[in-house]
Amino acid sequence: PGQYQVPGNWPVKVKGRIPIDPQNPSIVRDDQKCILCGQCLDVCEKVQTVYGYYDLPIKKDITCVHCGQCALWCPTASIKERDDIQSVLRVLDDSNMHVIIQTAPATRVSLGEEFGLPPGSIVEGQQVAALKKLGFDSVFDTNFSADITILEEAAELLNRLEQSNILPQFTSCCPGWVKFCEYYYPDLLSHLSSVKSPQQILGALAKTYYSERVGIAPENIVSVAVMPCTAKKFECQRPEMNSAGRIIGNPRIRDVDFILTTRELASLMKLRKIDLNGLDNEAYDQLMGESSGAGVIFGATGGVMEAAVRSLYFLVSKQRPPEQLLELNAVRGLDGVKEAEVIIPGKGSLKVAVCHGLKNARMILEKVRAGNSPWSFIEFMGCAGGCIGGGGQPRTSLASAD
Ligand code: SF4
């Protein structure tokens, strides 16, 4: 909060459309295309409970959490993600730069929609092939760092349980949710896990571990991520997201330099005349391309929780978790709030909750604030359905609006 300069006349309440700060790092609006349908306001105000909450001490600051749901619902593409395609093209065309890219769990099941495939088609290998064709030097899988995130989160939870420290623990991998918590529930920030998101972990590794392994200076590595998410554009610019830079003594080096949403990647491919349907599968680069099944379920609501519970079980018992933990059905599906009770050896019964969409988050947070929370661990995702419903995902039925 407070890191952007807000124009004196912002926010302007305009009937029928959401005000967007011109310096927003994630979202832009083209007023010429706006038909004042009000869908952006509806989703922001009623589903996300963000718009209309200006009567807080923070009212002079920007309350946008960058989830991009307004962009997803806008039927005329008047609201869109901030465009990073030209920046990525510039670095791809610069022979002095080594450009790596990572792909989020959710984009491999949605990119196909932009090329006429049915929703849910798995195009992991074709996506890798497209990125190689575009000229990326290495293609890594964010599932690799999702595995790291979950091991760290499970270890932190174990520590909190053993120390009877601040519980419930909140997940911290969704930047839209994190900013929501920072703005509206700053008194609960100590509940947030200290672990970075998978995107930022992979970015930091790219400019340290990978840089060393391939013998390329971090200054010459550009780190790009394909995400279903507009908030990730904000996350990678947060001042503290330069751990690689701090380690090597050059704080200007960012862990992740550019984000392309799923929609932007499709546009970039079309610009370079690459048709996903004509590509054979290719594999991720090995150094950071392998992952477990825990990493891949990060893309949907409940996935982080399911992965965390499995990992916690293993950390405590050193045993493979039983089937009912490997498939934790109680936290699957699209109910707004889901709960489960799991038995962890030596720790007894643990109550956990999962919610998606910020209105549901507000409901849960009010319970925690009032001291009425029965849970030890809560997964929060900013978008309805989790990242598969992210603000940067294809608007298939509205694709012609772009
Ligand atoms: Fe981004 Fe996923 Fe969070 Fe939506 S749920 S803001 S897509 S990280």
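**View 1. Four strands line up in an open, parallel sheet.** In this predicted model, the strands of the open sheet come in the order 4-3-6-7, with parallel pairing. Strand 4 (138–141) and strand 7 (258–261) sit at the edges, so to speak, each pairing on one side only. Going from one strand to the next, the twist averages 25°. As a reminder, strands of a sheet pair through backbone hydrogen bonds, either parallel or antiparallel.

**View 2. Strand 3 meets strand 4.** Zoom in on strand 3, residues 98–103, and you'll find four bridges joining strand 3 to strand 4 in the parallel sense. Pick out Gln 102 to get your bearings: the bridge partner of Gln 102 in strand 4 is Phe 140.

**View 3. Two helices on the sheet.** Helix 3 (residues 85–92) lies across three strands, namely strand 3, strand 6 (221–227) and strand 7. Helix 3 runs at about 120° to strand 7. Helix 10 (residues 262–271) also packs on the sheet, where helix 10 touches strand 6 and strand 7. The direction of helix 10 makes about 85° with that of strand 7.

**View 4. Domain 1 against domain 3.** The domain assignment splits the protein into domain 1 (1–82), domain 2 (85–145 + 197–288) and domain 3 (150–195 + 292–388). Where domain 1 and domain 3 touch, 12 residues come from domain 1 and 14 residues from domain 3. Look at the domain 1 side of this contact and you'll count seven nonpolar residues, five polar ones and no charged ones.

**View 5. Around the ligand.** Here 13 residues surround the ligand, and those that come nearest are Cys 174, Gly 176, Cys 229, Cys 383 and Gly 390. Sorted by class, the shell has nine nonpolar and four polar residues, with no charged ones. Domain 2 and domain 3 each chip in at least three residues to this shell.

**View 6. Helix 5 crosses helix 12.** Helix 5 (residues 142–163) packs against helix 12 (residues 303–317) at an angle of about 65°, and their axes are 8 Å apart. The crossing of this pair is right-handed. On the helix 5 side, the contact is made by Ile 150, Leu 151, Glu 153, Ala 154, Ala 155, Leu 157 and Leu 158. Helix 12 answers with Val 304, Ala 307, Ala 308, Ser 311, Leu 312, Leu 315 and Val 316. By class, that gives 12 nonpolar residues, one polar and one charged.

Technical notes. Residues are numbered from 1 along each chain as its sequence is written. This is a predicted model: local features need pLDDT of at least 70, side-chain atom pairs count only at pLDDT 80 or more; totals for chains, interfaces and linings use all residues. Two strands pair if DSSP finds at least two bridges between them. Axes are lines fitted to C-alpha atoms, for helices over the stretch in contact, and angles run from 0 to 180 degrees between N-to-C directions. Two residues are in contact if their C-beta atoms, placed from the backbone, lie within 7 Å. Domain bounds come from an automatic or database domain assignment. Ala, Val, Leu, Ile, Met, Phe, Trp, Tyr, Cys and Pro count as nonpolar, Asp, Glu, Lys and Arg as charged, and the others, Gly among them, as polar. A residue is near a molecule or strand if its C-beta atom, placed from the backbone, lies within 6 Å of it. A crossing is left-handed if the near helix is turned anticlockwise from the far one by less than a right angle, and right-handed if clockwise.
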